[in-house]
Amino acid sequence: MQDLKAERVHELGNKVVYQIYVRSFNDSNGDGIGDLRGITQRLDYLAGLGVDYLWLTPFFKSPQRDNGYDVADYRSVEPMFGTMEDFDELSREAAARGIGIMLDMVFNHTSTEHEWFQRALAGDPKYLAYYKFVDAAPDATAENPGEPPTNWVSKFGGNAWRYVPSLNKWYLHLFDPTQADLDWDNPEVRAELEDVVRFWKGKGVSGFRFDVVNLISKPATWENDYEGDGRRFYTDGPHIHEYLQELVREGGIDGMVTVGEMSSTSIDNCIRYSNPECHELGMAFSFHHLKVDYDHGEKWALAPVDLAELRRLFKVWQEDMTAGGGWNALFWSNHDQPRPNSRFGDVDNHWYETTTALAACTHLMRGTPYIYQGEELGMTNPGFTSIDQYRDVESINYYRILQEQGKTPEEAFHIVAERSRDDSRTPVQWTAGPNAGFTTGTPWIGVADNYRTINAEAEVADPHSPYAFYKRLIELRRAEPVIAEGGVEFVEADPLTESEGVISYLRTLGDTRLLVAVNLTGHDAEPFEAQVAEGAELLIGNYDDAPHTDKGRLALRPYEVVALIRR
Ligand code: GLC
Ligand code: CA
């Protein structure tokens, strides 16, 4: 038992995952859309950075209503992204560079264009039972369908049920109406999905990311939520652990690199999701730390970043997951979040410091770090100025909904610009040339204007770039076992932690102690006593000179990060 845990820590603690949003990574054929061959062309860049795995967002056959998170066939490649041969070539070439592939499995729902849903629509009882269909009132009509089964709100806005006149039934869609929720209580559905996992495992992939997987188990009865949007009924639902265990067992993926996207989850559940003794997943993404600038928990309402809350969340997720034998996926960024440097820092005045401070803050924690494409270059939000520049279904929906709620178009736009998922979906900035070297055609979404200075070509050649800093962080994780495997503690009584805007923690392994301290503000932090500082060596920092001290106390400058090690 002890060994299973130690082994898993060793296995996951030494790894770094790089997320590729296929559409926006690199376009090989000039149609303006990133594709599989485009990734293969950039493998040397990724090997140079030093990452172990590539998580590819869904490239399966899909109408692309939600950019591939609406899957119409789990076993075939969407032509706009390439062919199965392209995928095989990518896997082979990645393996030749010591890089594994992780696939993104969207198992909470399928596209309504999936054959299963089409058969359900045709009235086939076998396939009706694949989804969450509920009878409508006998006198319901298309014009007057009556009340939906519950008042739950879709994550993309509006009610989460859609009425189908030809069946006189409603079906559940927690996301877009073209993303119909599967019925995981049906063993045939589970068997189908397990088979999909075996199919891709058989093709030699290294691991999987499971999309919104803690939403798959719905309650046995449908009830209105008078306190919220319904999520408390289906998040970490009644049979979730059982279903995950079955998927992992029957899919034959226990011990592979797996990660679940866990929406609005709890630490207790994430311990079970990721403790190797529970035989569920390798690690869990949780999102509470990315809601510290939501006003009263509301995504589409802006509030200043609550740094004290951010620090508290890191503390409990780091310490409590460790205590329970769980394992965190460490990240600030993905294809659903704005760029973290634009969001948590000051890219106008402290672009390099902000970008690197955020990077070190999570990369030196206990867990497995994830880098979202372009993050290692310090890519920022694009600063779009018109709603026509946005492509994302959620952003476009909320631009309308916010106005329906009484916001002016300017106010609605301002909120969307801060919160949109498209903020991180703009093309990767490869060069200072046309379209940032992403495509020779017209990119499907605009490129951020700053690509002339923020781009891979310039940064790979510059030892003082965010790219060079990320590369160093990855090397350090391999070189220093205290980072990969050490314990973690945020010391409450440490005066340091009372210094507003500073996040700091101590990593320990045997006699080795590593102190990480980050100033997430644009001003000098209150100097603090850093015990480890005595006789310690600077492992990494983001200012050119040695850390400043004031009467023996550490004095962090704007967005400064330091990691001090004592062996
Ligand atoms: C996840 C994906 C997101 C998608 C949603 C529905 O949150 O990361 O992009 O829209 O699931 O599949
Ligand atoms: Ca293309």
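A crossing of two helices is left-handed if the near helix is turned anticlockwise from the far one by less than a right angle, and right-handed if clockwise. I applied this to a predicted model.

**Entry 1: helix packing.** I examined α15 (residues 393–404) and α16 (residues 409–419), whose crossing is right-handed. Their axes lie 9 Å apart and form an angle of about 145°. From α15, I listed S395, Y399, L402 and Q403 as the contacting residues; α16 contributes P409, A412, F413, I415 and V416. Sorting this contact by class, I recorded 7 nonpolar and 2 polar residues, with no charged ones.

**Entry 2: calcium site.** Which residues coordinate the calcium ion (ligand 2)? I found D27, D31 and D35, each through OD, together with N29 through OD1 and I33 through its O atom. The coordination distances run from 2.2 to 2.4 Å. Along the chain, the donor residues follow the spacing D-x1-N-x1-D-x1-I-x1-D. I then looked up the accessibility of two of these donors. D35 has a relative accessible area of 3% and is therefore buried, whereas D31, at 37%, is partly exposed.

**Entry 3: surroundings of S274.** I located S274 in helix α11 (residues 267–274). Is S274 buried or exposed? Its relative accessible area is 1%, so I entered S274 as buried, the cut-off being under 20%. Leaving aside residues up to four places away in sequence, S274 touches R8, L281, G282, M283, A284, M321, G325, G326 and W327. I also checked G324, which is 50 residues from S274 along the chain; the two C-alpha atoms are separated by 9.6 Å.

**Entry 4: positive phi values.** Most residues other than glycine have a negative phi. I noted Q64 as a non-glycine residue with a positive phi, near 65°. Q64 sits in the loop between β3 (60–61) and β4 (73–77), and its relative accessibility of 11% makes it buried. D236, likewise not a glycine, has a positive phi of about 50°. I placed D236 in the loop between α9 (231–234) and α10 (240–251). With a relative accessible area of 15%, D236 is buried.

**Entry 5: confidence.** For the protein chain I recorded an average pLDDT of 96, with 98% of the residues scoring at least 70. Where does pLDDT stay under 50? It does so over residues 493–497, for which the model has 12 contacts beyond four places in sequence. Where pLDDT is low, the predicted coordinates should not be read in detail. I therefore did not interpret those contacts further.

Key
Residues numbered from 1 in each chain as written. Chains lettered and ligands numbered in written order. Predicted model: local features only at pLDDT ≥ 70, side-chain atom pairs only at ≥ 80, totals over all residues. Heavy atoms only, no water. Axes fitted to C-alpha atoms, helices over the stretch in contact; angles between N-to-C directions. Helix = DSSP H or I, 4+ residues; strand = E, 2+ residues; numbered from the N terminus. Contact = heavy atoms within 4.5 Å. Nonpolar A, V, L, I, M, F, W, Y, C, P; charged D, E, K, R; others polar. Donors = N, O, S within 2.8 Å, 3.2 Å for Na, K, Ca; no water. Buried < 20%, exposed > 50% of the residue type's maximum accessible area, 1.4 Å probe, protein only. pLDDT = per-residue confidence, 0-100.
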